[in-house]
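Please consider the structure shown below. The paragraphs that follow treat its cysteines and its internal cavities in turn.

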Amino acid sequence: MGSPVDEAVDPAAAPARRTPPEPSPGLPAEAVVDLDAIAGNAAVLRGRLGAAQLMAVVKADGYGHGAVPAARAALAGGATWLGVAHVHEALALRRAGVTAPVLAWLLTPGLDLTAAVAADVDLSVAAPWALAEVVAAARATGRTAGVHLELDTGMSRGGASPAQWADLLDAVAAHVAEGSVRVRGTWAHFASADAPGDASVDAQLDAFTGAVAVARARGVDPGLLHHANSPAALFDPRARFDLARCGIALYGVSPAPHVASSARLGLVPAMTLTARLAHVRPVPAGAGVSYGLTHRTPRATTLGLVPVGYGDGLPRHASSRPGGGGSVLVAGRRRSVLGRVCMDQVVVDLGGETPAPGEPVVLFGAGEAAGRPAEPTAQDWAEAAGTIAYEVVTRIGPRVPRRWTGRAGTGGAA
């Protein structure tokens, strides 16, 4: 019998890798987002979930991929719910004509919730003040507000603590009886689901099922149960319950690259960050490169200037250093970043070759493919910077234009 990880992987379903796109003419850099990849990733995730539904998490502008197009593509791929952190993110989806169920889970005191309730956005409740503000918005709009009750099962972040849970349930029950709210779901979040077999996962699952039992005993229907994030959805069938909230995996990035790569999971990275060489120049051995002259060329070589830097979201911690640093694909070969990543640009080693200014550059993309060189991935940049790929894709800033390709979800409102 295979492990949960093995069961999450179909060795015969390795996804096809697309040819890296070139940046549009006249642009120094561009993030090209493949909507068909997002839809395909949603279908892969949906196929792993059995009877559970898929909530596509499109917070933080769809992890940098564009919330509205990503949402539509995910819905086309089989998602039935959308998740965001903030109310304004949910309302942006509604203004764009997206009608699918949406949950916004990060409330702060004093936030006007009337527009969210009027737009049928579900809201997360984890404390008495949040419940009171949702109820006030429901009364102001004359509508019943959909709420999801958040429980802290051991992460010590959001959610009601076990000591607060019973009192919260009693207050919710009273407002359900009066028609101000209806409980659409009960949820929590894992701390270490990216480490299959970690003892904390079992402890959190036990805490969650116990809290759900308390809710039912106190007369509160918990609605849809959801605890799983991307790694739990992929690796732990026990965690799937009625609904799984998947974010990073939706965009083709493995949530646990030390366990299984995106390719092994059947996922295709959706974003390719492209640029063009802005300058090419020969330098002698011993030439200092970039701020602080932290790198000196060990031999005569050719340097290329790529007009993307930390002002665009490229991690400065991926500056070159002994043992590693960022890399890019130029003219069919991986080229190392030399010296420090600057605000607007990086310098790369062209190894004596002289591609022309304007030559396409891939900073990161889908990775390996048969018959062509492998461009770096967001995971490669994350490892070079000592961070996670979530941060790499999400931090690509608004100065970098987005271009969406593919047909998934482009048929209008969803």
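**Cysteines and cavities**

Cys342 has a relative accessibility of 13% and therefore counts as buried, since the cut-off for that class is under 20%. The model under discussion is a predicted one. Cys246 likewise falls in the buried class, because its relative accessibility is 1%. As for links between cysteines, the search of the whole structure returns zero disulfides.

The discussion now turns from the cysteines to empty space inside the protein. Rolling a probe the size of a water molecule over the atoms reveals where such space remains. How many cavities of 30 Å³ or more are there? The count is two.

The largest cavity has a volume of about 50 Å³. Its lining includes a run of neighbours in the numbering, Glu150, Leu151, Asp152 and Thr153, and is completed by Met155, Arg157, Gly158, Ala188 and His189. In character, this lining is divided into three nonpolar, three polar and three charged residues.

The second largest cavity has a volume of about 30 Å³. Which residues line the second largest cavity? Val117, Asp120, Val121 and Leu123 are among them, and Thr144, Ala145 and Gly146 make up the remainder. Here the lining consists of four nonpolar residues, two polar residues and one charged residue. Asp120 is the charged member of this group, because Asp counts as charged, while Val117, Val121, Leu123 and Ala145 belong to the nonpolar part, as Val, Leu and Ala count as nonpolar.

Methods
Residues numbered from 1 in each chain as written. Predicted model: local features only at pLDDT ≥ 70, side-chain atom pairs only at ≥ 80, totals over all residues. Heavy atoms only, no water. 1 Å grid on protein atoms, 1.4 Å probe; cavity = no way out; pocket = protein on both sides within 12 Å on 5 of 7 lines; lining within 4 Å. Points joined across faces, edges and corners; volume = space filled by probe spheres on them. Disulfide = S-S within 2.5 Å. Buried < 20%, exposed > 50% of the residue type's maximum accessible area, 1.4 Å probe, protein only.
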